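Let's take a walk through this chain, starting with its rings and moving on to its charges, its covered parts and its surface.

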Amino acid sequence: DGCGYTVLGPESGTLASINYPQTSPNSTVCEWEIRVKPGQRVQLKFGDFDIDDSDSCHSSYLRVHNGIGPTRTEIGKYCGFGFQMDGLITSKSNEVTVQFMSGTHTSGRGFLAAYSTTDKSDLITCLDNASHFSEPEFNKYCPAGCAIPFADISGTIPHGYRDSSPLCMAGVHAGVVSNTLGGQINVVISKGIPYYEGSLANNVTSKVGPLSTSLFTFKTSGCYGTLGMESGVIPDSQITASSVLEWSDQTGQVNIWKPENARLKRVGPPWAAFISDDHQWLQIDLNKEKKITGIITTGSTLAEYYYYVSAYRILYSDDAQKWTVYREPGVDKDKIFQGNTELYQEVRNNFIPPIIARFFRINPLKWHQKIAMKVELLGCQFSIGRAPKITMPPPPQNKNDDKNDDFSDDFIHSVKTSLQTDKTTFTPEIKNTTVTPSVTKDVALAAVLVPVLVMVFTTLILILVCAWHWRNRKKKSEGTYDLPYWDRAGWWKGMKQFLPTKSAEHEETPVRYSSSEISHLRPREVPTMLQTESAEYAQPLVGGIVGTLHQRSTFKPEEGKEASYADLDPYNSPIQEVYHAYAEPLPITGPEYATPIIMDMSSHPSTPLGVPSISTFKAAGNQAPPLVGTYNKLLSRTDSTSSAQALYDTPKGQLGPGATDELVYQVPQSMAHSTGSKDE
C-alpha cells in the first residue's frame, strides 16, 4: 500500500512513493519490479529524496536490488532528509527491484525517481526544469510518465513555456515526447515574455503564467501544419459521417448539422450525429497518403447548444475498407484520447509515432448531451518510404495462364504488403537512383567553369584597381602647386636663365664699379631662395650667387602695393635691412624705365658677340618711388665690344662667387637708357 504515482515503460519510467510530494503515511511498503530488454541494463536517477533517518535507515528506507525474486542481490540502502544523490545507480542485469519501506515518522515527502536503459546517458527526471541547466541549447532524455499530476507548467507551443515549468512535462504537452514511452527533447532557451497562455494538450493542462526572465521551446521536425479542414483545401465531398443531426427549431426552420460543418474555427453549427452512441464516426479523406501528427478538436461553439466530445478513438485506413485502431508502441490496447471539457476550448492531441494514412476516422466514446465537434488535422506531406513501381516480365502463354495470373497477383500483393509494413525498406535504392549521368556531367562542367569565371572576374577587378590607383597618383603628382608633365620641359628652359652657371674650366669675371660711387653703396643681405611666379615676368634675382641672363626678361613689381613698399626678410640675419622684393628703385631723376645692364662676360662665350641682352625694369606709377632707408645705386659697366652676358653687381663688403680683391665701380652711361623697352 506504499506505491504512489507509477509509469513503467519498456525502456524508461517514473515511480514515486505514496502521497508524494506530501508526507508519506506510516507503516507502508511498496516494491517495483523493473524489466528492460535482455542485454540492456537499468540506471536509476532520483529527482527528490526525503525519507526519515531518525532510526538510521532501520524502519524507513529505500532499497535497490539487482534482479527480481529470491535470487536478487542488494545494490544499496538509502535514507535521509534532503538526501542528494547526483550520480546514477546502475544494475548488473536487465532486471531491478526497488523496495520502499515507511515506518513511524512525522515528516518526509518520500521520493520520486526515474529509470531508463543505460544507453540513455542524458537521462533527467520529471522534476528538472530549465533553470537547472546553463546552456542556451541542450538535449536530454525524458523518461516515460512525466505527465505528473503534482507539477504545473505555463505556456504553450509555439510561443514557449515559462522557465519554471518542468522540461519533460512541457515536452509531453507540446507533443514532442510520449507520456507512455518517453523520448529525446531538444531544448532552446530564450528571453521570456510578459504573459503565458494556458491550454489542454495530450492530457496535460497548461496554466496561465506571469512574466519571467526566460522561456524555453522545443526543436521539432516541423511536421505540424494544418492539412486543410479550416482552410477548405479538403472539399466537402471528402468529409463524411455515420449520421447527421437534422431537426426543426421553434420557428419551423430545418437545421442540418452536416459533416462539412466540422471545420475548426468555421462560424456556424458543427457536425453532430443523429444518434449519440459509441458507433458514430466522422471520416476525412485526405485524397492521398499523408503523415498525420496531431488533431485539434472543439465542441459545438454555440452557447445555446452545450455539446462536445470528451473522449474518442482514432482509426485510419488506406482504402476505407480495412481500419486500424491507433495504439502506442508496446501497448496492447487502444489509445483513448482526451477530448474537450467545454464547448469552446481547443484541445490538441499528438500521435507519437505519427499516422501514415489517407483515410482518417474519429470515433467518439464519451460526450456531453450530444456528439458534436469541429476538428483540424495536423501533419505534412508523406514523401519517404514510397514503394517503387514493380515491373514483372510477362508470364508464358500456355494453358496455365489463369494460374500464372493468380500467382502474379499474389506476388504483387505480398510485395505491396511487405513494403507497407516497412516503409523505409527501399530508401537506399531510391537515394541511389536520384543522381543521373546528366547531373554528373553538369557537376563536372560546373567544377571547371566556376574556377575559370572566378579567375576572369578577379583579373578584371585587379586591372580596374590598378588603373584607379595610377590615375590617383597622376592627379596627386599634378597638384595645385605643380605643373603638368607636358609643360615641365618648357618650364625648365624658362628657369635655366635664373640658375647660376658654374664651370670647372672658367671663373666668372668680377664686376667692377667706379670708385666715385663707392661711398654711396652699402651692403645688404640677399635671400638665398628664388621666388617663382608666372612666366609673364622674370623672377627677381635675390640669390646669393650671381646669375647669368641668357635672354630678355623683365621684373614684375608686386601688384596692389605702393611703389615704396618694402618687405622685411623673415629669414635674414639678426641685422635686418629693408630691400625691395624685385629690383632696386631707379633714381628720382632717372627715366621711367630701368637702364639695361650690360656686363662684360668674356668668359662666357655661349652667346654670340654683338647681341646684347636687355633687362628692362618698370616702376609702378609715373613717379619714381621714394627711397626707404639708404639704397645702393645699381651701376653697371657697359662695353659694346664685350660679351652680352648680364650679371648683377656684388654688394660691397660681400664677395660673390666670382669676386676678386679689387672692386672697381663705373657709372652707367646715359646712352644706355635709350635701349630700354617697356613690358606690360
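## Rings that meet

Searching the whole structure turns up 22 aromatic pairs. Keep in mind that this is a predicted model.

Take Tyr5 and Phe150 to begin with. Their ring centres are 6.1 Å apart and the planes stand at 90°, so this pair is edge-to-face. Tyr5 belongs to strand E1 (residues 3–8), while Phe150 sits in the loop between strand E10 (137–142) and strand E11 (153–156), so the pair ties together parts that lie 145 residues apart in sequence. Neither ring is hidden from view: Tyr5 is partly exposed at 21% relative accessibility, and Phe150 is partly exposed at 24%.

Tyr305 and Tyr307 make another pair, with ring centres 5.9 Å apart and planes at 45°, so this one counts as tilted. Here Tyr305 is partly exposed, with a relative accessible area of 23%, whereas Tyr307 is buried at 12%.

Rings also gather in a group: Trp32, Phe46, Phe49, Tyr78, Phe100 and Phe111 form one aromatic cluster.

Then there's Arg361, which has two rings to deal with. It lies over the face of Trp281, 3.8 Å from the ring centre. Its charged end also sits over the ring of Trp323, at 4.0 Å from the centre.

## Charges that pair

Side chains of opposite charge can pair when their charged atoms come close. In this structure there are 15 salt bridges, and the table gives some of them.

| Salt bridge | N to O distance |
|---|---|
| Arg109 and Asp48 | 2.9 Å |
| Glu74 and Arg63 | 3.3 Å |
| Lys258 and Glu260 | 3.5 Å |

What does the salt bridge between Arg109 and Asp48 tie together? The side chains of Arg109 and Asp48 meet at 2.9 Å, N to O. Arg109 lies in the loop between strand E8 (95–102) and strand E9 (110–117), and Asp48 is in strand E4 (residues 42–50), so the pair links parts 61 residues apart in sequence. Arg109 is partly exposed at 32% relative accessibility, but Asp48 is buried, with a relative accessible area of 15%.

The side chains of Glu74 and Arg63 also form a salt bridge, at 3.3 Å from N to O. With Glu74 in strand E6 (residues 73–78) and Arg63 in strand E5 (residues 61–66), the pair ties together parts that are 11 residues apart in sequence. Glu74 is partly exposed at 45%, and Arg63 is buried at 19%.

As for Lys258 and Glu260, Lys258 is partly exposed, with a relative accessible area of 35%, while Glu260 is buried at 19%. Elsewhere, salt bridges with shared partners join Glu11, Asp119 and Lys120 into one network.

## Under cover

Stepping back, the chain has 5 helices and 29 strands. Of its 680 residues, 40% are buried. Among contacts with a separation of 6 or more, 76% are between residues 24 or more positions apart.

How many residues of helix H1 (residues 167–174) are buried? The count is 8 of 8, so to speak a full house. The buried residues in H1 include Leu167, Cys168, Met169 and His173. Just after H1 comes Gly175, with a positive phi of about 85°.

Is Ser24 buried or exposed? Ser24 is buried, because its relative accessible area of 6% falls under the 20% cut-off. You'll find Ser24 in the loop between strand E2 (12–17) and strand E3 (28–35). Leaving out residues up to four places away in sequence, Ser24 touches Ile18, Asn19, Phe100, Ser102, His105 and Gly108. Phe100 is also one of the rings in the aromatic cluster.

## Out on the surface

The chain's accessible surface comes to about 38000 Å², with 55% of that belonging to carbon and sulfur atoms. A nonpolar patch on the surface is formed by Val448, Leu449, Val452, Leu453, Val456, Phe457, Leu460 and Ile463, which together have about 740 Å² of accessible area. One of them, Leu460, lies in helix H4 (residues 437–477) and is partly exposed at 45% relative accessibility.

Last stop: Val331, in the loop between strand E24 (324–325) and strand E25 (337–338). Val331 is partly exposed at 26%. Val331 and Thr180 are 151 residues apart in sequence, with their C-alpha atoms 8.8 Å apart in space.

Key:
Residues numbered from 1 in each chain as written. Predicted model: local features only at pLDDT ≥ 70, side-chain atom pairs only at ≥ 80, totals over all residues. Heavy atoms only, no water. Helix = DSSP H or I, 4+ residues; strand = E, 2+ residues; numbered from the N terminus. Buried < 20%, exposed > 50% of the residue type's maximum accessible area, 1.4 Å probe, protein only. Contact = heavy atoms within 4.5 Å. Patch = residues over 30% accessible without salt bridge, like charges linked within 9 Å, V, L, I, M, F, W, Y side chains within 5 Å. Areas by Shrake-Rupley, 256 points an atom, 1.4 Å probe, with all protein chains shown as cover. Salt bridge = Lys/Arg side-chain N within 4 Å of Asp/Glu carboxyl O. Phe/Tyr/Trp six-rings, centres within 6.5 Å; stacked < 30°, edge-to-face > 60°. Lys NZ or Arg CZ within 6 Å of the ring centre and 35° of its normal.
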